[in-house]
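The following note is offered to a colleague who is beginning to read protein structures. Please keep the sequence and the structure in view while going through the numbered points.

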Amino acid sequence: MSAGARLPVVVLISGGGTNLQALIDAQRADDCPYAVAAVVSNRPDAFGLERAARAGIPTETVDHTRFPDRAPFEDALAAAVDRHAPGLVALAGFMRILTPAFVARYRGRMLNIHPSLLPRFRGLHTHRRALEAGEMVHGATVHFVTEELDGGPRILQAQVPVHPDDTPEVLAARVLAREHRIYPLVVRWFAAGRLRLGAAGAELDGATLTEPLQLDALPDA
Ligand code: GRF
């Protein structure tokens, strides 16, 4: 697909950016319907900025510590995002809570990846909490972003087993490897026009997803 025909995606990060890397790697496919147009970080030291630079992708930093409160930070963040005219905004380890006003601006065109099988374990420290709860299965979810933190319509999940001797770090790594499969897939669906946020939830190929799809059950997984 020619570069101009690809949907521009702006990726928001705060850290290492391995999900960003997965999105960058996947766009090397000739038929990839999206292109990462820019990477925006709220942290100047985020390693993901380096990953973007190496791939020749423009970067912007909007350092939240330089703003007196959330409203002017989000104004600057929106200006940075909008400079790159995204068709989709992908949160990938972006660690700032966004206000309803910011979320509304990108309604239906903002995705997030969360390291748990939502609705289990919204918020932080999901791997530790899954271990403490004695879960035998854990995983990750890609969902549309709505005003409800980690509560927007779920699209695709990947499950991993929890082993008896797992530490949060070991479990996180197992989940992360699966995150790198599901995020590019969902971004592809959106960019290809197959996925949208409908009145009753996420819709794939015109059908509302009453439950999230599971990676292992996809025909081409
Ligand atoms: C991932 O586990 C993601 O699900 C969560 O933050 C982590 C980011 O990792 N939201 P990375 O920066 O993509 O490596």
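1. The model under review is a predicted one. The points below take up the largest pocket, the backbone of two loops, and a set of paired strands.

2. The largest pocket holds about 1000 Å³ of space. Its lining is made up of 35 residues, and those closest to the centre of the pocket are Gly93, Phe94, Met95, Ile113 and Pro115. As a general remark, empty space of this kind is revealed by rolling a probe the size of a water molecule over the atoms.

3. Which elements give two or more residues to the lining of the largest pocket? They are α1 (18-26), β5 (110-114), α5 (126-132) and α6 (168-191). The largest share, 4 residues, comes from α6.

4. By class, 15 residues in the lining of the largest pocket are nonpolar, 15 are polar and 5 are charged.

5. Before the backbone is examined, a general rule is useful: most peptide bonds are trans, and most residues other than glycine have a negative phi. The next two points concern departures from that rule.

6. The loop between β5 and α5 contains Pro119, and the peptide bond that leads from Leu118 to Pro119 is cis, with omega near 15°. His125 is also found in the loop between β5 and α5. The phi of His125 is positive, near 55°, although this residue is not glycine.

7. Asp150 lies in the loop between β6 (137-144) and β7 (154-161). Asp150, a residue other than glycine, has a positive phi near 55°. Is Asp150 buried or exposed? Its relative accessible area is 10%, and the limit for a buried residue is under 20%, so Asp150 counts as buried.

8. Strand β8 (residues 195-198) pairs with strand β9 (residues 201-204) in the antiparallel sense, over 4 bridges. The hairpin that joins β8 to β9 passes through 2 residues. Within this pairing, Leu197 stands opposite Ala202 in β9.

9. Strand β9 also pairs with strand β10 (residues 207-208), again in the antiparallel sense, over 2 bridges. Leu204 has Ala207 in β10 as its bridge partner. The hairpin of β9 and β10 has 2 residues between the strands, and in this hairpin Asp205 takes a positive phi near 50°.

10. When the strands are inspected on screen, one general pattern may be kept in mind: along a regular strand, side chains alternate between the two faces of the sheet.

Technical notes
Residues are numbered from 1 along each chain as its sequence is written. This is a predicted model: local features need pLDDT of at least 70, side-chain atom pairs count only at pLDDT 80 or more; totals for chains, interfaces and linings use all residues. Side-chain values use heavy atoms; hydrogens and water are left out. On a 1 Å grid over the protein atoms alone, a cavity is a set of points where a 1.4 Å probe fits but cannot get out, and a pocket is an open set with protein on both sides within 12 Å along at least five of seven lines; lining residues have an atom within 4 Å of a point. Grid points are joined across faces, edges and corners, and a volume is the space filled by probe spheres set on the points. Ala, Val, Leu, Ile, Met, Phe, Trp, Tyr, Cys and Pro count as nonpolar, Asp, Glu, Lys and Arg as charged, and the others, Gly among them, as polar. Buried means under 20% relative accessible area, exposed over 50%, partly exposed in between (1.4 Å probe, protein chains only). Two strands pair if DSSP finds at least two bridges between them.
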